[in-house]
Amino acid sequence: MNMSNWSSQLLSVLRIMSALLFLEHGTSKLFGVPPSPMPGHFELFSMMGFSGVLEFVGGILLAIGLFTRITAFILSGEMAVAYFMVHMPQNFFPMVNKGEIAVLYCFVFLYLAAAGGGPWSLDRLRHRG
């Protein structure tokens, strides 16, 4: 069995799973589901509120593979900003400053911005017609 035959399908699986996990961050911030471990009061018109909207809407768009490249590019930028504004000031090392997830999402989304959504995406359906 040649694994390269599966690479495009696995691109879609990576997109879908990353999006669903990322979507949880948005639903947690906006709706409290699942409950967020982050203390404090949530306000929609704040940096945290803006990130929650990006994570919720962006997570949905990536999960269904609609406007994948631009959405992934924007979310990659959001994760870079999150890392440098929230995590990096605490410590240089991502393992210590709890920024590994932000870095990983940043680069996964950057990859999706370049690679697209794969064969199991609404983008693929839109471009067929």
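Which residues do ring pairs link into a cluster? Ring pairs join Phe22, Tyr105 and Phe109 in this way. The model is predicted, so local features need pLDDT of at least 70, side-chain atom pairs count only at pLDDT 80 or more, and totals for chains, interfaces and linings use all residues. Residues are numbered from 1 along each chain as its sequence is written, and side-chain values use heavy atoms, without hydrogens and water.

The structure holds 6 aromatic pairs (rings of Phe, Tyr and Trp, the last by its six-membered ring, with centres within 6.5 Å). One of them joins Phe31 and Phe56 edge-to-face (planes over 60 degrees apart). Their centres are 5.3 Å apart, with 80° between the planes. Phe31 lies in helix H1 (residues 7–31) and Phe56 in helix H2 (residues 47–64), so the pair ties together parts 25 residues apart in sequence. The rings of Tyr105 and Phe109 have centres 5.4 Å apart and planes at 15°, so this pair is stacked (planes under 30 degrees apart). Both residues lie in helix H5 (residues 100–115). They are 4 residues apart, about one turn of the helix. Helices here are DSSP runs (H or I, at least four residues), numbered from the N terminus.

Tyr105 is buried (under 20% relative accessible area, 1.4 Å probe, protein chains only), at 10%. Phe109 is also buried, at 0%. Phe56 is partly exposed (between the buried limit and 50%), with a relative accessible area of 24%.

Notes
Helices (H or I, at least four residues) and strands (E, at least two) are DSSP runs, numbered from the N terminus.
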